[in-house]
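Here are a few exercises to work through with the model open on your screen. Try each task before you read its solution.

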Amino acid sequence: MIKVKVSLRPIVNKINLPTVLKTTIVPGDSIERLFIATQIGEIFYIGNGVIRTFLDIRPRIIKLGVSGGGYDERGLIGLAFHPEFQYNGLFYLHYSVAGTQGPGALPNSEAAGRGQDGLPEFFQPNPCDPRTLNLKWINRETQFDHIDTVEEWILQSNGQSRKRRALLNLRRPFFNHNGVNSLNFSPETGKLVLTTGDGGSGYDPFNLSQDDMEIAGKIIEIDVAKNTLIDNPPVVTRFNELPAPIQETLTVISKGVRNIPGISFQRFDNQYIKYVGNVGQDLVESIFSFVHYKPIPVTQLIQTSLMKSEPDLEGFINFGWRGWEGAFPASIIRGCSANPTLEEKTIAYYNDAVKTSVLRLQPLTSYFHKDPRPDKFGGTALTGVQAYMGNGIPDLKGSVVFTDFARDEGSQPPIRGVLAYTKVRPDCKLNDFSVIETDYNFGSQSAFYVSLGTNLNQTRLYLGVYGSMNVTDFNQGTIFEIVP
């Protein structure tokens, strides 16, 4: 693949953790403005080179940094503007709600112990102990970590925004894998697309991502044009717990999701290529692409569940998690005591891997946490996937660009994120990727690449960088435009 070099042009700095970067045209305006949502609950926009506050919902956001020793994946994680925002002022938020902190679904194994890096000790299955392979999430009303909400808001004519209604209230088992950049409108269907993770911890302990009734681990379309007349729906974890009017607004595009940094749509002739990244466990980060799909109405999923029959999954997308991590059976990695330079990789869930082996979609490309090839890199976590259709960087036109949180170079500070790209192959086979070289000098400061965004017609790319991996370290963010 062609070696691509770009520059990073700083637009704004000293902001909090940027989770969403996207543009829209504000009612009464004629030019696109760049909007920046931050994890702690602020939304800014850039107008005439000046940064202005659009909305501040910090009091509504859960106290961050409690569960994860400063690292946290909750907060304000989704922002989407209605396709007619310029005329109707409607926009949508996904965030973790203040005052909803619970003990977690596996309180004994999580948060109780801390690893060397201060993070909670996450769940690991033991292939020799069937109890760890068939865990159930019980006592959900009390054994959960927090509640996420997806809400519809309106920008009023006086310039103030107010909440109109909640679309979904979701109880989440753990503090991580809630998705990020989790709300986007589909240009194909006009519906709001919610990309949510498997609920967290590690290895999807309850296999929520493959269970058709579980909301976790799915990509869901919400028909916001349907008014359910329910302004504050009940807090749920399963589709069949939702009131019927809300069930009727939902269709499911896919399952087998571990965690997703959003969905990107790329126009191609008269159809759209969809790009989705699935964040990996210990081996590999994967980007998937698909054109054709057949979403299943939630009412149909519930009906087949009640009849104990199998739903028609023709055209339904399955990313394969928890049995598969990209193109690999999900594995547990153990050090080899006889030789510390080697590792043993054991299939974590053999039966799950067999069950989903034929049903799953193959990735478009994957990159690895350890990669011996000289022109590649060891990744940590996928943080953004965006199609690029601009002419400004000709070698990237028609590509899908992605970001990784931090290049794995042992423990050599300072830390740097990675920018890379791939393309869809006409024969639909697995493609390689290439690192995009950048010329920006971050000095001795760490630079975690935390978010990637684009403008409405995908001709500009924006990168969010943070100086720390802790949400309790404030004002260390810079937003860049990626330029030739």
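**Exercise 1. Find the loop that holds Asp 204, look up its phi, and decide whether the residue is buried or exposed.**

Start with the location: Asp 204 sits in the loop that runs between strand S11 (192-195) and strand S12 (219-222). Bear in mind that you're looking at a predicted model. Next, the backbone: phi of Asp 204 is near 45 degrees, which is a positive value in a residue other than glycine. Last, accessibility: the cut-off for buried is under 20% relative accessible area. Asp 204 comes out at 1% relative accessibility, so it counts as buried.

**Exercise 2. Do the same for Asn 475: which loop is it in, what is its phi, and how accessible is it?**

Go to the loop between strand S30 (461-466) and strand S31 (477-483), and you'll find Asn 475 there. Its phi is positive, about 55 degrees, although Asn 475 is not a glycine. For the accessibility step, partly exposed covers the range between under 20% and over 50%. Asn 475 has a relative accessible area of 43%, so it is partly exposed.

**Exercise 3. Describe the second largest pocket: its volume, the residues closest to its centre, and the make-up of its lining.**

First, the volume: the second largest pocket holds about 910 Å³ of space. Its lining has 38 residues, and Asn 207, Gln 210, Asp 211, Asp 352 and Lys 355 are the closest to the centre. Now check the secondary structure: helix H4 (298-306) and helix H5 (350-356) are the elements that give two or more residues to this lining. H5 supplies the largest share, five residues. Finally, sort the lining by class, and you get 16 nonpolar, 10 polar and 12 charged residues.

**Exercise 4. Place Arg 238 and list its contacts beyond its sequence neighbours.**

Arg 238 belongs to the loop between strand S13 (235-236) and helix H3 (244-247). Set aside the neighbours within four places in sequence, and Arg 238 is in contact with Arg 140, Asp 211, Met 213, Glu 214 and Ile 215. As an extra step, try a distance: the C-alpha atoms of Arg 238 and Ile 302 are 10.0 Å apart, with the two positions 64 residues apart in sequence numbering.

**Exercise 5. How many cavities of 30 Å³ or more does the whole structure have, and what lines the largest cavity?**

The search turns up four cavities of 30 Å³ or more. The largest cavity has about 80 Å³ of space. Residues that line it include Arg 165, Ala 166, Leu 167, Ile 222, Asp 223 and Leu 250. Strand S9 (residues 161-172) gives the most to this lining, three residues. By class, you're looking at seven nonpolar, two polar and three charged residues.

**Exercise 6. Move on to the second largest cavity, then find the cis peptide bond that involves Trp 321.**

The volume of the second largest cavity is about 60 Å³. Among its lining residues are Arg 258, Phe 319, Trp 321, Trp 324 and Glu 325. Strand S17 (284-290) and strand S20 (324-325) are the elements that give two or more residues to the lining. The class count is five nonpolar, four polar and two charged. Now follow Trp 321 along the chain: a cis peptide bond joins it to Arg 322, with omega about 20 degrees. Arg 322 itself lies in the loop between strand S19 (317-318) and S20.

Technical notes: Residues numbered from 1 in each chain as written. Predicted model: local features only at pLDDT ≥ 70, side-chain atom pairs only at ≥ 80, totals over all residues. Heavy atoms only, no water. 1 Å grid on protein atoms, 1.4 Å probe; cavity = no way out; pocket = protein on both sides within 12 Å on 5 of 7 lines; lining within 4 Å. Points joined across faces, edges and corners; volume = space filled by probe spheres on them. Helix = DSSP H or I, 4+ residues; strand = E, 2+ residues; numbered from the N terminus. Nonpolar A, V, L, I, M, F, W, Y, C, P; charged D, E, K, R; others polar. Contact = heavy atoms within 4.5 Å. Buried < 20%, exposed > 50% of the residue type's maximum accessible area, 1.4 Å probe, protein only.
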